[in-house]
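These are my notebook entries on one structure. I looked up the overall fold, then single residues, then the metal site and the open space.

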Amino acid sequence: MSGKVHYQQCFYKPFAVLIYFGTSKPVSLDDYFGDFTTEVNRLQANGVTIMEQRFNVRIHWFICDTPARAFIKGTKGHTGFYACERCEIRGFKEDRVPQFSRIHCPERTDESFRRRSQQRHHNPKSPFLQVGNDLS
Ligand SMILES: [Zn+2]
């Protein structure tokens, strides 16, 4: 996972935040993200001081491909019946291809995500639920 500083002019280069090596995805998201969520919460609460100037820290967004995004959020993958990240539609498969045919379904929100309002959309709890501020 990479991070990037956004402060006034945008001339900062991305830097490594988390690095994982293995032949498969990490077994435990809590082990993988445990130190990260602890440090992010500390930084968001206390900021960071550089050359005697205090800066606030806030996460604006995470950028991942679709499978990685579902993995870190602890949600169903993009082929699941409850995979839509924007609303609570239940999909169906036609010729083994997921279909989402309705357009007026309850939208997902940061709050509904944190409440896990649609249980079937979620896998085991994501460690990102422990991050202090909203990520929307
Ligand atoms: Zn949807």
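**C64 and its surroundings**

I began with C64, which, apart from neighbours within four places in sequence, contacts R69 and I72. The model is a predicted one, and I read every value below as computed from it. I located C64 in the loop between β4 (53-55) and α2. Buried or exposed, or in between, was my next query on C64. C64 is partly exposed, because its relative accessibility is 24%, and the buried class ends at 20%. I also checked C64 against M1: their C-alpha atoms are 8.6 Å apart, although 63 residues separate them along the chain.

**Overall layout**

I counted three helices and six strands in the chain. I noted their order from the N terminus as β-β-α-β-β-α-β-β-α. Along the principal axes, the C-alpha atoms fill a box of roughly 60 × 35 × 30 Å. I recorded that 27% of the 136 residues are buried. For contacts between residues at least 6 apart in sequence, I found that 41% join residues at least 24 apart.

**Helix α2**

I then turned to α2, where A70, F71 and I72 are buried. Against which element do the buried residues of α2 pack? I found that they pack against α1. At the start of α2, I noted a side-chain oxygen of D65 within 2.9 Å of the backbone nitrogen of A68. Just after α2, G74 has a positive phi of about 70 degrees.

**T75, H121 and the zinc ion**

I placed T75 in the loop between α2 and β5 (92-94). T75 is buried, because its relative accessible area is 3%. Leaving aside neighbours within four places in sequence, I listed A70, F113, H121, H122 and N123 as the contacts of T75.

One of those contacts, H121, lies in the segment after α3 (110-115). I recorded H121 as buried, since its relative accessible area is 1%. Which side chain makes a polar contact with the side chain of H121? It is that of R108, at 3.2 Å. Not counting residues up to four places away in sequence, H121 touches G74, T75, K76, Y82, A83, C84, E85 and R108.

C84 led me to the zinc ion, which is coordinated by C84 (SG) and C87 (SG) at 2.1 Å. I classed C87 as buried, because its relative accessible area is 12%.

**Two positive phi values outside glycine**

I searched for unusual backbone angles, for which the background is that most residues other than glycine have a negative phi. M51, a residue other than glycine, has a positive phi near 50 degrees. R116 is not a glycine either, and its phi is positive at about 55 degrees. I found M51 in the loop between β3 and β4, and R116 in the segment after α3. Is each of these residues buried or exposed? M51 is exposed, because its relative accessibility is 81%. R116 is buried, because its relative accessibility is 13%.

**P14**

I looked up P14 in the loop between β1 and β2 (15-16). P14 counts as exposed, since its relative accessibility is 57%. Apart from neighbours within four places in sequence, P14 is in contact with S2, G3 and K4. I also took its separation from D95: the two are 81 residues apart in sequence and 41 Å apart in space, C-alpha to C-alpha.

**The largest pocket**

Last, I examined the largest pocket, which holds about 1,300 Å³ of space. I noted 37 lining residues, of which G3, K4, F15, V17 and I59 are the closest to the centre. The elements that give two or more residues to the lining are β1 (2-3), α1 (29-46), β3 (48-50) and α2 (66-73). Which element gives the most to the lining? I found that α1 does, with eight residues. By residue class, I recorded the lining as 26 nonpolar, six polar and five charged. Two names recur here from the entry on P14: G3 and K4 are contacts of P14, and G3 and K4 are also among the residues closest to the centre of the largest pocket.

Definitions and conventions: Residues are numbered from 1 along each chain as its sequence is written. This is a predicted model: local features need pLDDT of at least 70, side-chain atom pairs count only at pLDDT 80 or more; totals for chains, interfaces and linings use all residues. Side-chain values use heavy atoms; hydrogens and water are left out. On a 1 Å grid over the protein atoms alone, a cavity is a set of points where a 1.4 Å probe fits but cannot get out, and a pocket is an open set with protein on both sides within 12 Å along at least five of seven lines; lining residues have an atom within 4 Å of a point. Grid points are joined across faces, edges and corners, and a volume is the space filled by probe spheres set on the points. Helices (H or I, at least four residues) and strands (E, at least two) are DSSP runs, numbered from the N terminus. Ala, Val, Leu, Ile, Met, Phe, Trp, Tyr, Cys and Pro count as nonpolar, Asp, Glu, Lys and Arg as charged, and the others, Gly among them, as polar. Buried means under 20% relative accessible area, exposed over 50%, partly exposed in between (1.4 Å probe, protein chains only). Contact means heavy atoms within 4.5 Å. A polar contact is a pair of N or O atoms within 3.5 Å; within protein, one must be able to donate a hydrogen and the other to accept it, and residues adjacent in sequence count only if both atoms are side-chain atoms. Donors are N, O and S atoms within 2.8 Å of the metal (3.2 Å for Na, K and Ca); water is not among the atoms, so sites may look incomplete.
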